[in-house]
Structures are given as C-alpha cells and as structure tokens.
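Got your viewer open and a selection tool ready? Let's take a short walk through this model, one selection at a time.

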Amino acid sequence: MIELRNVAIAYDGHRVVEGASFAVPEGGSFALVGESGSGKSTVLKAIAGLAPEREGTILVDGAPVPPRPTLESARLMQMVFQDPYASLHPRRTVDAALSEPLAIHGLKDRDARVERALRDVGLDRRFRFRYPHQLSGGQRQRVAIARALMLEPRVMLLDEPTSALDVSVQAEILNLLKRLRAERGLTYLMVTHNLPVVGFLCERMAVMQGGRIVEEAPTAALRTGDFATEYARHLHGATGADLMGPDLLEPESVDTAPMETEK
Ligand SMILES: Nc1ncnc2c1ncn2[C@@H]1O[C@H](COP(=O)(O)OP(=O)(O)OP(=O)(O)O)[C@@H](O)[C@H]1O
C-alpha cells in the first residue's frame with residue numbers, strides 16, 4: 001500500500017532525508033522511530049505531498065504520489081497530527097470541521113455522515129456543535145481522527161498522534177486507532193518517539209538516524225531488545241521500552257470504553 005524506494009527529501013536545497021526505502025502492506029501498521037530531527041516527520045510529509053523537494057519513488061496503492069496534495073490523494077490518505085488544537089480551526093464547530101471535507105468533495109448525506117463519524121470515534125452527538133476550546137485534548141483528537149476519516153481513506157499517516165495527551169487519554173486514543181484499523185482494514189504509518197506505542201499499534205518499525213533508515217525490524221524486537229544495530233539497541237534501552245513493555249496498554253480494553261458523553 002505504501003512503498004518508498006531510495007527517497008531523498010530536502011528543504012530549500014538542504015537534504016534532510018536520504019536513501020529511505022521501506023514498504024507497508026495493505027492493512028499493515030508501520031512505525032518510524034528515531035531521535036528528534038532524524039527526519040521521521042519529513043518522510044510522512046513527503047508521502048502526504050507536503051514536502052515537494054524530493055527524489056526517488058513514493059508509491060501509495062501502486063501509484064506515484066503527486067508532489068502536492070490533490071483531491072484524489074486526499075481520498076486515499078489522510079494525516080493526523082500531534083496537536084489537535086492546532087489542526088482544528090478555533091472558530092469552527094465540530095460540525096463544520098467534519099462537514100468541510102464532504103463539501104469539498106461534493107459528498108451527499110452530510111448530516112448522517114457527520115453523526116456516524118462522531119459515533120465511530122466514541123463521541124456523543126451533543127459534541128457536534130461544540131468549538132474546539134470546549135473539548136478536552138482527547139475529545140479534540142477524536143474529532144481530528146473523525147475528520148481524517150470523513151473521506152474514507154485507506155491510509156492514515158499518524159504524526160505523534162497521542163504524545164500531546166495525558167497518559168490515560170493516550171491509551172483511549174490508541175485503543176480507538178487500533179479498533180478503527182481493524183474495522184476498516186486501514187493501513188497506518190506512524191511517527192513516534194514512544195516505543196510502547198509502537199509495540200501496541202504496529203507490526204514493523206524503521207529506525208531513523210540523521211536522515212537515514214539504519215534498521216528495519218519487527219516490533220516483536222521491542223520485547224527482546226533483539227536489534228541488529230548499536231543505535232537501535234541504544235534507542236531501545238534509552239527509552240526504557242524494555243522495562244515498560246508493549247503490554248502497558250491492554251488490548252482487551254479495546255471497545256470497552258464507554259462513549260464519551262456530556263461532561
Ligand atoms: N519546514 C522545514 N524547513 C526546513 N527544515 C526543516 C523543516 N522541517 C524540518 N526541517 C529539518 O529537517 C530535519 C528533519 O526534521 P523532522 O521534523 O523530519 O525530524 P523528526 O525526526 O520528525 O523530528 P521530531 O521527532 O522532533 O518531529 C531537521 O533537521 C529539521 O530541522
């Protein structure tokens with residue numbers, strides 16, 4: 001579903017990613033990890049068509065992605081950012097945020113689609129006419145996820161989707177992402193610093209350092225620390241992922257959280 005072959009990406013002529021290659025099968029979930037500035041978000045942006053200075057091949061669903069987002073690419077893939085407060089317009093209601101992609105794409109049944117989208121992310125219909133500042137961080141991220149799903153994309157590009165949230169809320173959002181992926185057969189590509197999150201949500205991971213992918217491994221390696229490179233072992237040890245373990249988040253809690261209602 002996603003394939004990169006020898007991709008290089010630059011900002012103003014200055015290369016920040018080089019020789020990036022990996023593939024994510026349809027319905028798969030893949031993580032890009034690595035320290036700050038290693039180029040993870042840049043790779044995600046290039047796939048979304050938001051980093052136009054690039055070389056090499058980027059294919060999504062078998063087709064080259066355009067250097068800038070198009071209506072067609074927006075239906076195929078959507079991005080969810082770290083800070084939902086920044087990605088939602090402060091003076092637009094939830095209803096407006098969710099309706100906008102439908103209007104742009106000329107889709108009908110807006111009322112029903114908005115209500116269904118709210119339900120799908122576990123929000124009561126009374127949230128529909130709220131403004132972002134009237135929502136908690138977790139509720140805002142639910143709205144951002146609902147908005148990303150309005151066009152029924154097949155690929156979700158997730159840039160630190162839970163790192164701005166409190167730990168307990170993080171688990172709820174991760175469970176939601178896990179359920180949505182299972183229900184819809186979505187393909188996830190996620191950028192994060194948080195290795196337990198990777199263990200919970202992803203099957204494979206690529207470790208980036210200084211703009212290059214230095215190792216690709218199954219996320220099962222997070223349990224054993226069985227990485228090929230010194231750098232990946234260092235990253236694994238430094239974050240304490242081996243101590244916390246991917247079991248930190250209980251898969252059993254998927255779907256058991258009650259729908260968020262008026263608070
Ligand atoms: N819009 C931009 N213009 C110029 N340089 C940029 C831009 N965005 C990122 N960079 C630079 O590109 C390099 C890679 O940044 P990127 O944000 O992709 O790293 P990252 O691994 O996602 O880091 P973080 O985990 O902090 O988000 C960094 O040196 C960064 O300063």
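Start by picking Val-80 and look across to strand 7: the residue standing opposite is Leu-158. Keep in mind as you click around that this is a predicted model.

Now widen the selection to strand 6 (77-80) and strand 7 (residues 155-159). The two run parallel, with 4 bridges joining them.

Next, bring in the rest of the sheet. There are 6 strands, in the order 6-7-8-3-9-10, and the sheet is open with mixed pairing. Colour strand 6 (77-80) and strand 10 (212-218) to mark the edges, since each of them pairs on one side only. Ignoring direction, neighbouring strands are turned by 20 degrees against each other on average.

On to the inside. Nonpolar side chains tend to be buried together in soluble globular proteins. Here the largest nonpolar core has 73 residues, and the ones touching the most other members are Ile-47, Ala-146, Leu-157, Leu-189, Val-198 and Leu-201. Select helix 6 (residues 137-149) too: with 6 residues, this helix supplies the largest share of the core.

Zoom in on Leu-201. Which residues is Leu-201 in contact with, leaving aside neighbours within four places in sequence? You should find Ser-29, Leu-174, Leu-177, Lys-178, Tyr-188 and Met-190.

Last stop: the ligand. Select Tyr-11, Val-16, Gly-34, Ser-36, Gly-37, Ser-38, Gly-39, Lys-40, Ser-41, Thr-42 and Val-191 to show the residues around the ligand. Sorted by type, this shell has 3 nonpolar, 7 polar and 1 charged. Helix 1 (residues 40-48) gives the most to the shell, with 3 residues.

Key:
Residues are numbered from 1 along each chain as its sequence is written. This is a predicted model: local features need pLDDT of at least 70, side-chain atom pairs count only at pLDDT 80 or more; totals for chains, interfaces and linings use all residues. A residue is near a molecule or strand if its C-beta atom, placed from the backbone, lies within 6 Å of it. Ala, Val, Leu, Ile, Met, Phe, Trp, Tyr, Cys and Pro count as nonpolar, Asp, Glu, Lys and Arg as charged, and the others, Gly among them, as polar. A nonpolar core is a set of buried Ala, Val, Leu, Ile, Met, Phe, Trp, Tyr and Cys residues joined through C-beta atoms within 7 Å. A residue is buried if 20 or more other C-beta atoms lie within 10 Å of its own, exposed if 12 or fewer, and partly exposed in between; C-beta atoms are placed from the backbone. Two residues are in contact if their C-beta atoms, placed from the backbone, lie within 7 Å. Two strands pair if DSSP finds at least two bridges between them. Axes are lines fitted to C-alpha atoms, for helices over the stretch in contact, and angles run from 0 to 180 degrees between N-to-C directions.
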